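Trainee: I would like to go through this structure slowly and learn why each term is used.

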Amino acid sequence: MNARRLGLFGLVFGGGILLLRWVRQWAGDPPVQRASHKEAIEPPELVERYSRFMGTLPMRLTRASLARYVTASPHWRILDVGCGPGWFPLEIAELLPDAVIVGADLSHPMTVVAARHTQAADQADSVAFT
């Protein structure tokens, strides 16, 4: 009995280590220490990676389910603070085509990526980023 428990523990522990190693390899190297506060809030090497992660299927499903809860008048103005790459404002824009949506983020590179996503989704009339 103890040998089985020990074997199961070894299997779970070893699998956890392999999973953590895979996640670390997928995520890449940790961010380096930045010299200024501006570099700390907008590390260029992470902007594209974060945008790709937010575009994955689980995150799209999460945003879609959250966007269904928006029960606003179609003529409302909506502000998304900390919009990141802008996926959530685009989800809301699909549900409320007449609403004016503004996404705000501290990271300028993130708003550039968000604007690029808006152009690709042809939502430039109803969604803006700052």
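Trainee: In which helix does S65 lie?

Mentor: S65 lies in helix α4, residues 57-67, where helices (H or I, at least four residues) and strands (E, at least two) are DSSP runs, numbered from the N terminus. Before we go on, keep in mind that this is a predicted model, in which local features need pLDDT of at least 70 and side-chain atom pairs count only at pLDDT 80 or more, while totals for chains, interfaces and linings use all residues. Residues are numbered from 1 along each chain as its sequence is written, and side-chain values use heavy atoms, with hydrogens and water left out.

Trainee: Why does S65 count as partly exposed?

Mentor: The word buried means under 20% relative accessible area, exposed means over 50%, and partly exposed is in between (1.4 Å probe, protein chains only). S65 has 27% relative accessibility, and therefore counts as partly exposed. S65 and E91 are 26 residues apart in sequence, and their C-alpha atoms are 9.7 Å apart in space.

Trainee: Why is T118 called buried?

Mentor: T118 has a relative accessible area of 2%, and so it is buried. T118 is found in helix α6, residues 108-120. Not counting residues up to four places away in sequence, T118 touches L90, Q123, A124, V127 and F129, where contact means heavy atoms within 4.5 Å.

Trainee: And D80, why is D80 called buried?

Mentor: The relative accessible area of D80 is 16%, so D80 is buried. D80 is found in strand β1, and D80 touches F88, P89, V102, G103 and A104 once residues up to four places away in sequence are not counted. On β1, I78 and D80 belong to the covered face, whereas R77, L79 and V81 belong to the uncovered one.

Trainee: What makes the strands a sheet, and in which order do they stand?

Mentor: Two strands pair if DSSP finds at least two bridges between them. β1 and strand β2, residues 100-104, pair in the parallel sense over five bridges, and three bridges join β2 to β3, which also run parallel. Three strands thus form an open sheet in the order β1-β2-β3. The edge strands are β1 (77-81) and β3, each of which pairs on one side only, and the twist averages 20° from one strand to the next.

Trainee: Which residues stand opposite each other in these pairs?

Mentor: In β2, the bridge partner of D80 is G103, and that of V81 is A104. R77 stands opposite V100 in β2, and V102 stands opposite A128 in β3. As a general point, strands of a sheet pair through backbone hydrogen bonds, either parallel or antiparallel.

Trainee: What makes the unit of β1, α5 and β2 right-handed?

Mentor: A crossover is right-handed if, with the strands pointing away from the viewer, the path from the first strand over the helix to the second runs clockwise. β1, α5 and β2 make a right-handed β-α-β unit.

Trainee: What does α5 touch in the sheet?

Mentor: α5 packs on the sheet and touches β1, β2 and β3. The direction of α5 makes about 165° with that of β3, where axes are lines fitted to C-alpha atoms, for helices over the stretch in contact, and angles run from 0 to 180 degrees between N-to-C directions.

Trainee: What makes a group of residues a nonpolar core, and which residues form the largest one?

Mentor: A nonpolar core is a set of buried Ala, Val, Leu, Ile, Met, Phe, Trp, Tyr and Cys residues joined through side-chain atoms within 4.5 Å. The largest has 12 residues: A67, I78, C83, L90, I92, A93, L96, A99, I101, A114, V127 and F129. The elements that give two or more residues to this core are α5 (87-95) and β3 (127-129), and α5 gives the most, with three residues. One of the core residues, A114, is in contact with G84, P85, G86 and F129, leaving aside its neighbours within four places in sequence.

Trainee: How many helices and strands does the whole chain have?

Mentor: The protein chain comes to six helices and three strands, and of its 130 residues, 27% count as buried.
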